[in-house]
Amino acid sequence: MSKLNLILIILSLTIVSPSSMKFLTDTQSNLKISYQGVPGSYSFITSKTLYPTAELISHSTFKEAMTTVEVGSADFAVIPIENSNAGRVQDVHLLLPSMNLYIVDEYYLPIQHQLLGIKGSKLEDITVAYSHPTALAQSSKFLSEHGIATKNKLNTAIACVEVANEGDKTKAAVASSLAAEMYNMEILAKNIQNDPDNRTRFIILARSIDVPEYSKEKEYITSLLVELQEEWGFTYDVMIDIINSFELKIRKQELYPIDEENKHAKYYLEILSHSSEKPFKLAFQYLSKYSQNVKLLGVYEAKPGFY
């Protein structure tokens, strides 16, 4: 989508009725949902929560999960973007600018880690725990207190599969209670995460933008990618001044690294506003005037989470 078309979307108040948003309809059985991981992972749990009757398609990487939607082989991708303790998911953050996808919703999943062993094992048997590095870091206090070493794996549920296949009573996995059920594992210790209010924020990605109808009763987020043009005077301070001058609030901002391919600093912004509201429309006009690269990534309802 060209920059001009994006501006026209904003200025014409393009509105899509919530009833047309596929993840809220009763036709989920016809949908294909892409996610990274395997059954029992937290991405699987979130996908199943949002789309209980849809076909879920697992992938080994975030890029594969997102590309499947981009090429039309799936309707939506359910992707983790940040955690209340671990911060942003770096791989996803770096992929967003290069993918032709749009954010149509967000969801916060409470994360409750369990220590899982094979049947017949006990907590005192465990010497090493397998899991994703983030899950291990989030459970570090419990693991340290019990003298349990750690080993990084690609995914929490994949860690379960490996422990189950190895059949070693001294090994465990840090994963969900659903993974324990799916892979016939024993829960040796419950809710071992450091923070009892640990949450992961997921975004739902689609091939086309889907702008919900504005309601005064709701809060909205508009996500943008803005590239600075410092040689033309469009600096970070100018970008922030434009946003502040229209009394808009930035909920989240992330800087992309400058390298040989990306010679200009680029920011991912989440602005607390619906795209149809006048202050945002005016700010978007000014940002587009000063930057050659402003991309609208999505307009969606803000959900309760850790912001």
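This report walks through the fold of the protein, from overall figures to a sheet with its two helices and on to a buried strand and a glycine in a loop.

**Overall picture**

Please keep in mind that this is a predicted model. The protein has 307 residues, and 50% of them count as buried. Its secondary structure comes to 10 helices and 15 strands. If we take contacts between residues at least 6 apart in sequence, 77% of them join residues at least 24 apart. The accessible surface is about 14,100 Å², and carbon and sulfur atoms account for 50% of that area.

**An open sheet and its two helices**

Let us start with a sheet of 4 strands, which is open, antiparallel and ordered S13-S14-S12-S15. Strand S13 (250-256) and strand S15 (294-301) are at the edges with a single partner strand each, so one side of each has no neighbour in the sheet. On average, neighbouring strands here are turned by 15° against each other, direction ignored. As general background, the strands of a sheet pair through backbone hydrogen bonds, either parallel or antiparallel.

Within this sheet, strand S12 (residues 220-227) pairs with strand S14 (residues 266-271) over 6 bridges in the antiparallel sense. If you want a spot to look at, find Leu-224, which stands opposite Leu-269 in S14.

Two helices lie across strands of the sheet, and the table sets them out.

| Helix | Residues | Strands it lies across | Angle |
|---|---|---|---|
| H9 | 236-245 | S12, S13 and S14 | about 15° to S14 |
| H10 | 278-290 | S12, S14 and S15 | about 10° to S12 |

Helix H10 deserves a second look. At 1.5 Å a residue, its 13 residues should span 18 Å, and the end C-alpha atoms are 19 Å apart, which agrees. Which residues of H10 are buried? They are Phe-280, Lys-281, Ala-283, Phe-284, Leu-287 and Ser-288. These residues cover an arc of only 165° around the axis, so they sit on the same side of H10. Lys-278 and Lys-289, on the other side of H10, are exposed.

**A covered strand and its partner**

Elsewhere in the protein, strand S5 (residues 102-110) is mostly covered, with 7 of its 9 residues buried. S5 runs antiparallel to strand S11 (residues 199-206), and 8 bridges join the two. Along this pairing, Tyr-107 stands opposite Phe-202 in S11.

**Helix H3 and the glycine after it**

Strand S11 comes up again with helix H3, since S11 is one of the elements that the buried residues of H3 pack against. In helix H3 (residues 62-70), the buried residues are Phe-62, Ala-65, Met-66, Thr-68 and Val-69. They cover an arc of only 150° around the axis, which puts them on the same side of H3. Besides S11, their packing partners include strand S1 (32-36), strand S2 (55-59), strand S3 (76-83) and helix H4 (90-95).

Just after H3 comes Gly-72, with a positive phi of about 90°. Gly-72 belongs to the loop between H3 and S3. Is Gly-72 buried or partly exposed? Its relative accessible area is 43%, and buried would mean under 20% while exposed would mean over 50%. Gly-72 therefore counts as partly exposed. Finally, Gly-72 and Arg-207 are 135 residues apart along the chain, yet their C-alpha atoms are separated by 7.7 Å.

Notes. Residues are numbered from 1 along each chain as its sequence is written. This is a predicted model: local features need pLDDT of at least 70, side-chain atom pairs count only at pLDDT 80 or more; totals for chains, interfaces and linings use all residues. Side-chain values use heavy atoms; hydrogens and water are left out. Buried means under 20% relative accessible area, exposed over 50%, partly exposed in between (1.4 Å probe, protein chains only). Contact means heavy atoms within 4.5 Å. Accessible areas come from the Shrake-Rupley method with a 1.4 Å probe; for residues, only the protein chains shown count as cover. Two strands pair if DSSP finds at least two bridges between them. Axes are lines fitted to C-alpha atoms, for helices over the stretch in contact, and angles run from 0 to 180 degrees between N-to-C directions. The expected span of a helix is 1.5 Å times one less than its number of residues. The arc is that of the directions from the helix axis to the C-beta atoms.
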